[in-house]
Structure formats: structure tokens, C-alpha cells
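User: I am new to this structure and would like a close look at a single part of it. Please set that part in the context of the whole chain.

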Amino acid sequence: MSSLLKSNAVKSASPATRTSAPASVPLLDLRRQYEGIREEVLAAIARVCDSQIFILGPEVEALEREIASLTGAAAAVGCASGTEALWLALVAAGVKPGDAVITTAFSFFASASSIVRAGATPIFVDVDAATLNLDPARVEQRLRGPRSSALRAILPVHLYGQCADMDRFDAIAQEFQLALVEDAAQAIGAEWGGCPAGSLGVAAAFSFYPTKNLSAYGDAGIVTTASSELAEHMRRLRNHGSPRRYYHDEFGWNGRLDAIQAAVLRVKLTHLEDWNEKRRGHAATYDRLLAEAGLASNQGSAPIGVLARSPQAKHVFHQYVVRARRRDEVRKFLADRQIGTEIYYPLPLHLQPAFSYLGLKEGDLPVSEQAAREVLALPMFPELTEAEIRLVVETMADFYS
Ligand SMILES: Cc1ncc(COP(=O)(O)O)c(C=O)c1O
């Protein structure tokens, strides 16, 4: 599986390294999670094998009900991946060929490629320097300037597990009559102002990619929506635009969810709250140890900058990301000492070769560009130990001393 993982720093640690002083720290260790839920997961997979129903069916329907209930959405539609979920959400929200959609320049490629797949053009706007989420002030400025009538939607991303400013985006979407679609791929269980991610726009896309907070044993995703009409449309779109077998009203694709993935996800869903709470605990430990080591402070002189947490946000720390001075050097120093890190993301979307047709150039979105040079994700997963976090911080302190 590791060859499919976007990070190449996913390793496992033997139980011995967890009881004694750690010698290495993986960025993510899925084996530890599996050790704790092995029996439950294998029983769920056996249940699907016994049923011989492998695509959609009762497991997928049960997962859809459970995710709708978790997010407070009217309905959820299981699908093949987070990328598929974004496409379904955008098309159901009314995005058509020739339209334009505002999104962040600092996200995973799928946030913008799904707009292209819907036939529309992404309009990249810069991020807020404190949180690295799409900046509502810049979006508003853009909308008050010369505006194309083709603009249909805003797609904020809840980056690293912290919701974008959905109060501001909701007000902007209403004023300019745009659909508000959430890219909640990294934010299952997160909240904004006490409302769950997935209930903050007309539709929201979640990814269950194996590294996510709630993760499948392969590719999987889901869309939540406040509208049962939109949900019905997405159910048709994920199945070749087909309201009934072999009749096709429009072009959809095969975007269905497998029953085995749904069954695994249902097991893990019962642990999600606990796992997210553990992630928050680890983030607090990093914050504290980085401050105690003198590596991070509110003054700009410290070598590490901790990203801001919005008071309205309940963060789920899909990633614990800092801004690091001499980022590439400290990353190598950590790697040489068996500490896994990752860069989410090294090149902003407007500078990706695939988007060169938009004609944007270096300097156009400077906050995203600076973030791409500075961000560093440190090890983060529920089963991480305090001793491991301590080793990460001590090793960084050695580097900067
Ligand atoms: C912000 C964001 N959007 C979309 C996706 C796409 O999800 P998937 O990999 O499940 O297709 C991801 C996954 O990495 C993501 O992080």
C-alpha cells in the first residue's frame, strides 16, 4: 500500500520502539491503528464477503446515514474518492462547462482539477498568512473588482483539518449569489462556530484516502449536502447519470463506493472522536514543547512559526504543520535521524504546469508562494507518543542550536 501513499515517509515502528525511548518517528504509522481494531475490521470485511454485495448496497447506505448524522447534513452520498466527491458536489451545485469557481491556490491538486473536470475554470485567490486557508478578504476584493458573469461557486478548503472562515464565505456567497461548496477532504469531525464541516455549504466533499483521519483500505469518499434533491442528483451522477438501470439522462461516470470500504469506514467511524481528540492533544504537546524549547514564539525571530487557530474552529489536526526557517535543511536533518516529515504543498496550484494555461506567474499569489517555501508537516497520528513528539522537538532544537 505504501507505494500508493502520497507521502513517502510512512513507516511502521515496532512495539519495542514505543515502550522504550524512540529511535525514530514515522510521519504516520497506520499499523498501530490496525493493531487496535484488527478484529473489528476483519469481522466487517467478512460480513461483506458473506453478503456477496460488493458495490453500494446496505453497507454503503448505512455509512451514508452515519456520516449524515455526524455532519448534521440532510444526506450523504458515498463515492469512489475525495476527488470524485468534489466533482459530484460541484456539478450538483450547478457548476457547468464555461463557468468559473473561486478556490485557494494552496491545496492539493484535486481541489482545482475537479473544477476543470466539471468543465469550469478555477480562479485562484491567495490565502490568509496566519491560517493558510482561503482569505475571505481577498475573495471579496476579487468579487468587487471586474467580475465575470460565469462565476458560479466558491470552493474553500479546510486545510490541515481547520475550517476556513465559513461565516465570511457564507455571507459572501449570499451577497454574490454563488454556491458555497466545502472541500472538507482533510476535515472530518472539524467544526466552525459549533457546526460540523459538511453542513456549512450547499455540499461538502470528504476524502477517505488511507492517510486521512477517517480512512479506508483503498480509495473512498463521500459528499454531504443539505438538500435531498442534490443528493438524488449525485446518486445518479455517481452511477453513469442513470435513474434506472440502462437508462441515462445525463453524463455521469462510475464513481461508486465499494461495500468493503464502507464496512471498514463504519468500524473506524466509532473511533473517530477519540482519535481526533488524541490529535488535538498531540498538537497541544507540540505547541508547548516548541515554545519551551524557544523554537516558536509570537515574535518573528523564532525559527518555527505555528499556524494560527481560529477561535471559531474546532481543529482536527489532519496535519500538524509549522513554518520552518531553513525548511529544507531542517527536513534533511530530521530525515537523517529517522524522523518523517512532509511538505504539503511544495508548489502552489497557480504555478503547477497543468494550470499554465491560466497565465499566472510567480509573484501573483505571494502568500501561497511563501507558504510553499516554508511549510513542514511533523509526525501526527492518534497513536503517536509524547516521547516521540519530544524527540521530534529535541531534534529540531539540535538543528537550530
Ligand atoms: C484538500 C484535498 N482535496 C481533495 C483531495 C482528494 O481526495 P482523494 O485523494 O480521496 O481523491 C485530497 C486528498 O488528498 C485533499 O487533501
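Analyst: The protein chain has 41 positive side chains (Lys and Arg) and 46 negative ones (Asp and Glu), with His and the chain ends not counted, and the centres of the two sets, placed by NZ of Lys, CZ of Arg, CG of Asp or CD of Glu, lie 3 Å apart. This is a predicted model, in which local features need pLDDT of at least 70 and side-chain atom pairs count only at pLDDT 80 or more, while totals for chains, interfaces and linings use all residues. Residues are numbered from 1 along each chain as its sequence is written, and side-chain values use heavy atoms, with hydrogens and water left out.

The secondary structure comprises 13 helices and 13 strands (DSSP runs of H or I with at least four residues, and of E with at least two, numbered from the N terminus). Buried residues, meaning those under 20% relative accessible area with a 1.4 Å probe and protein chains only, make up 56% of the 401 residues.

The part to look at closely is helix α9, residues 259–269, where nine of the 11 residues are buried, so the helix is largely enclosed by the rest of the structure. Its buried residues are A259, Q261, A262, A263, V264, L265, V267, K268 and L269. These buried residues of α9 pack, through contacts of heavy atoms within 4.5 Å, against α2 (30–51), α3 (58–71) and α10 (272–292).

Across the whole protein chain, residues 24 or more positions apart account for 70% of the contacts with a separation of 6 or more.

Key:
Buried means under 20% relative accessible area, exposed over 50%, partly exposed in between (1.4 Å probe, protein chains only).
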